[in-house]
Each structure stands twice: as C-alpha cells, then as structure tokens.
Protein chains: 2
Amino acid sequence: MTNHYMALRDSLARRIAVKEMVPGTKLPSERILHSEYDMARGTVREALFQLEAEGLIYRRDRSGWYVSQTPIIYDPTRWAGFMTYVAEQGRVPTTKTLSKTTETVPDAAGVFDSSPDQSFHVIRRRRAIDGHPVLIERIVVHPDIAPGLLAHDLDQSLTQVLKTDYGVSVARNQVTMRPCSLVRDEAAALGVKPGTPGFMVERTSFSADGKIVEYDHEYWRRDAFVISFDLSVV
Amino acid sequence: MTNHYMALRDSLARRIAVKEMVPGTKLPSERILHSEYDMARGTVREALFQLEAEGLIYRRDRSGWYVSQTPIIYDPTRWAGFMTYVAEQGRVPTTKTLSKTTETVPDAAGVFDSSPDQSFHVIRRRRAIDGHPVLIERIVVHPDIAPGLLAHDLDQSLTQVLKTDYGVSVARNQVTMRPCSLVRDEAAALGVKPGTPGFMVERTSFSADGKIVEYDHEYWRRDAFVISFDLSVV
DNA sequence: GAGTGGTCTAGACCACCTT
DNA sequence: AGGTGGTCTAGACCACTCA
C-alpha cells in the first residue's frame with residue numbers, strides 16, 4: 001500500500017515497536033502529525049483509527065492518543081477472580097465500587113428464572129491494572145444467597161466475600177464473550193471515547209448444588225487482554 | 001447523544017434488530033444514505049464504521065456494506081476441528097486449499113526448536129460457513145510427522161487425515177487469540193477491505209508424547225464468532 | 001484560555017466491482 | 001459504463017481537558 005494513512009500508521013507502529021514510544025506515552029497531537037506528515041487531519045485520524053483497531057493505541061476523550069498498556073493474558077480455564085489472576089501476572093489489580101443498590105433487573109429475571117418484580121443486589125465496580133481502568137462490571141446477586149451483602153466492603157474480591165462470609169463458593173462458570181463498543185456509562189467510567197471497541201463478557205456462576213451465585217456483565221477495553229489457554233483434548 | 005452519525009447508527013441498528021434487514025442484505029449505498037438522511041457522506045461512513053466495530057455489518061471492498069451473518073459459537077473447551085464443530089451447530093462448513101508447499105518458515109523455528117534451514121509442510125486454506133468465508137489459516141507441519149502429506153486432498157479435516165493416515169492424534173492444544181486487523185492476503189482471501197477488524201488465533205497442537213503435530217495461524221473475521229464456554233472451577 | 005480531540009461539511013478523484 | 005466504496009483535501013465549529 002502506498003496510502004498516506006497507512007504510511008503514517010506504519011511509521012507510528014514502528015516507533016511503538018522499537019519502544020521509542022512506550023505504553024502510556026502520549027502521541028503527538030493530530031494537528032502536529034498533520035503538519036509534520038503534511039496530510040489532512042482527517043487522513044491522520046484514519047491512521048490513528050487503524051492503530052486503535054489493532055489495539056496498539058487508545059484515546060482518552062479530548063485528551064489525546066496514548067500507547068496501549070501491555071495486555072494481560074486471560075486464560076478462561078484458570079480464571080480465579082480478577083484480583084488473584086492479575087496479581088499472578090505480576091501486575092497490580094485494584095477495584096473501585098461505583099454503586100451498590102437493591103433493585104429489579106429486567107434482564108436477570110430470565111437468568112434466575114424469577115418474577116420480574118424480584119429485587120436483586122446490584123453492584124457496579126471498576127477494575128484497573130497498574131492504575132489503568134480496564135473494565136467495568138455489573139454484578140447481580142440474589143438476596144437469598146447473601147443477605148446484607150451490600151453492607152460489606154466490596155472493593156475486594158467478591159468471590160472471597162461470598163465464600164468467607166456466606167459459605168458460598170463457585171463450582172462452575174458459564175461465560176460468553178463478544179466484541180462490542182463501549183458507550184455512555186462504560187466509556188465514561190473507563191475514560192475512553194464513546195464507541196471505543198470493547199469486549200463484553202457475560203458470566204453466570206453456579207455453586208456446587210446448581211444455584212446461581214452471581215450473574216455478571218463485564219465491559220472490557222479490547223486492548224487490555226489477549227486470550228490464551230492450554231487445553232487437553234477430551 | 002444527538003450526533004448525526006449515532007442517529008443513523010441507531011436507525012440502521014434497529015432495522016437490523018427487527019429483521020427488516022437480515023444477514024447478507026446489502027445496505028443502501030453511502031450516497032443514498034447521504035441524501036436520504038441529509039448528512040455528509042463522511043458522516044454516513046462514521047455510522048457505518050461504528051456498526052462494523054460492533055460486528056453488525058461488514059464491507060466487501062468497493063462492493064457495498066452487508067448485514068453480518070449469525071456468528072458461530074466458539075467453545076475452546078469443546079473444539080474438535082472446524083468441520084466437526086461448525087456442522088454440530090447446524091451450519092455448513094467448507095474448506096478450500098489455497099496452496100501447499102514445502103519451505104522454510106522463519107517464525108516456526110523457535111516453536112519447533114529446529115534449525116532455521118529446516119523445511120516444513122505449509123498449507124494455506126480458506127474456510128467458510130454456509131458459503132461465507134470466515135477465516136484463512138496457515139498450517140505448519142514437520143515433515144517427519146507426516147511424510148508425503150501434501151499429496152493428500154486437504155479440503156477436508158486435517159485432523160482426520162493425520163489420525164487416519166499417519167496415526168497421529170492431538171492430545172493438547174496451546175491457543176492464543178488476539179484482535180488484529182486483516183491486511184493484504186488475509187483481507188483479499190476473505191473478500192473484505194484491508195484493515196477490517198479481525199481475530200488472530202495461534203494454535204500449537206501436541207500429541208500425547210509431546211511432539212508438535214501442527215503449528216497453526218488463523219485469521220478470523222471478528223464478526224464470525226462469539227466465544228462461549230462452560231467451565232468447572234478447579 | 002489554549003490546546004485537544006469530536007463532529008460535520010462539501011467537495012474531488014481513484015480503484016475496483018458489477019452488469 | 002455506471003455505481004460503489006476508498007482516499008484525500010481544506011476548511012469550520014464544538015465540547016471538553018488541562019494547566
């Protein structure tokens with residue numbers, strides 16, 4: 001290709017590859033690239049969109065473009081909760097509770113096989129790696145499983161709280177992951193532009209006796225992880 | 001949001017959701033949308049890019065925009081080869097061999113722990129679901145494992161050929177998946193625009209005695225699948 | 001308040017697909 | 001040959017971040 005925007009893409013990709021620009025580095029502004037590379041600003045933006053789609057850079061709304069952090073390795077077969085998992089890779093996980101409420105949840109009725117009037121504990125949290133927010137989640141827990149759950153400090157591992165304080169542990173996870181785009185709340189909470197590519201993870205956790213322990217929606221930044229696992233053939 | 005392009009996005013997304021436009025339907029051309037919705041063509045394209053990132057539509061280079069096919073469910077824990085797997089979901093898998101050669105493969109030397117001069121069997125194939133190409137792959141096999149492999153018909157399950165004709169079966173897979181963008185060969189073979197979002201899957205298959213059976217790179221269309229699995233906690 | 005990205009316009013020409 | 005998307009230009013103004 002001899003496209004202008006691909007030329008700029010390649011130039012920036014190389015500067016990232018050789019670590020002239022490391023994770024977290026702010027790229028030159030669009031107008032500076034526009035004058036340095038002598039192409040229209042719209043063309044500069046095409047190059048940046050390309051790099052964003054590849055997961056090499058991301059944008060903070062109206063702040064600038066930045067080199068993406070090193071992704072964590074997401075191994076669904078070894079998943080042991082965010083806090084454990086991230087720490088095992090030598091990174092620093094943090095959690096911030098955004099809200100905790102008890103309310104009806106239209107899309108949970110089908111999952112829990114309950115009446116539409118049923119109220120649930122709903123917890124919204126933001127989780128970060130090395131101080132960089134990577135996902136927000138909405139967790140739905142049936143109050144019968146964990147009465148008074150919301151009184152606890154939930155900036156820690158929920159898995160841990162449920163096990164220690166309620167004697168409930170997870171025996172099985174049902175997980176679905178699909179590409180999405182991060183909009184409104186999700187984008188705002190993660191500090192990225194609405195429409196940024198993301199990944200939606202829907203997780204239903206069951207206890208050994210088949211009860212639903214939690215029903216979870218997670219919205220991840222797409223550049224935050226790669227999926228990797230090792231698997232014996234059955 | 002009251003953005004023009006988000007309004008158009010929402011309008012088109014709704015028409016897809018209510019099945020006014022079904023998978024495979026060609027969208028109105030950009031210029032028609034431009035005049036119907038009375039916004040600049042660049043703004044129309046922003047809406048289309050948004051829908052593409054969400055996996056709802058895709059483009060065939062210089063042909064038009066189309067509603068994406070229903071994704072298949074990719075369950076890494078049940079993976080039994082493309083042909084088996086797709087058929088189990090009531091869809092029709094096909095495979096076309098693009099090339100088969102014996103050559104040196106720079107990036108395979110590290111994986112096989114062999115000399116850079118080592119030649120391998122290299123197979124390139126394109127695989128489709130219901131007639132729609134969804135991935136291309138490059139498979140690398142050590143000739144000692146399967147001498148004369150390239151003489152076989154490879155438009156079928158390679159797993160099957162290796163098992164039946166060479167007595168080699170896969171006991172373990174090491175898999176890594178990451179977002180990428182489909183460029184040059186990949187995009188051309190899949191009939192999508194270079195730069196279309198994709199997923200790269202790198203797979204190393206081992207036999208029971210720990211030998212590498214195949215080393216595989218797959219480039220998937222990102223809208224072709226969702227990942228879903230059911231998993232017991234260890 | 002200066003600088004940044006976000007949105008939008010109104011063109012132009014090109015490369016390629018389709019018929 | 002006509003239509004499509006692909007690329008590119010040169011502006012403009014807005015909403016927001018940051019110092």
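## Protein surface around DNA strand C

Around DNA strand C there are 25 residues, of which A:Glu30, A:Arg31, A:Arg41, B:His4 and B:Ala40 come nearest. The model is a predicted one. By class, this surface comprises 14 charged, 7 polar and 4 nonpolar residues. On the side of the nucleic acid, 67% of the atoms of DNA strand C within 4 Å of the protein belong to sugar or phosphate, and the rest belong to bases.

## Contacts with phosphate oxygens

Two of the nearest residues use the backbone. A backbone N or O atom of A:Glu30 is placed 2.8 Å from a phosphate oxygen of DNA strand C, and a polar backbone atom of B:Ala40 is 2.7 Å from a phosphate oxygen of that strand. B:Ser63 instead presents a polar side-chain atom, 3.5 Å from a phosphate oxygen of DNA strand C.

Elements that give two or more residues to this surface are H2 (30-36), H3 (41-53) and E2 (64-67) in chain A, together with H1 (4-17) and H3 (41-53) in chain B. The largest share, 3 residues, comes from H3(B).

## The hairpin of chain B

In chain B, strands E1 (residues 57-60) and E2 (residues 64-67) run antiparallel and are joined by 4 bridges. B:Arg59 has B:Trp65 as its bridge partner in E2(B). The hairpin has 3 residues between the strands, and B:Arg62 takes a positive phi near 60°.

## Relation between the two chains

A turn of 180° with a shift of 0.0 Å along the axis lays chain A on chain B with an RMSD of 0.0 Å. The two copies are therefore related as by a two-fold rotation axis. The same surface serves both copies, as 100% of the contact residues of chain A recur in chain B.

Technical notes. Residues are numbered from 1 along each chain as its sequence is written. Chains are lettered from A and ligands numbered from 1 in the order in which they are written. This is a predicted model: local features need pLDDT of at least 70, side-chain atom pairs count only at pLDDT 80 or more; totals for chains, interfaces and linings use all residues. Side-chain values use heavy atoms; hydrogens and water are left out. Copies are superposed by least squares on the C-alpha atoms of residues with pLDDT of at least 70 in both. Contact means heavy atoms within 4.5 Å. Two strands pair if DSSP finds at least two bridges between them. A residue is near a molecule or strand if one of its heavy atoms lies within 4 Å of it. A polar contact is a pair of N or O atoms within 3.5 Å; within protein, one must be able to donate a hydrogen and the other to accept it, and residues adjacent in sequence count only if both atoms are side-chain atoms. Ala, Val, Leu, Ile, Met, Phe, Trp, Tyr, Cys and Pro count as nonpolar, Asp, Glu, Lys and Arg as charged, and the others, Gly among them, as polar.
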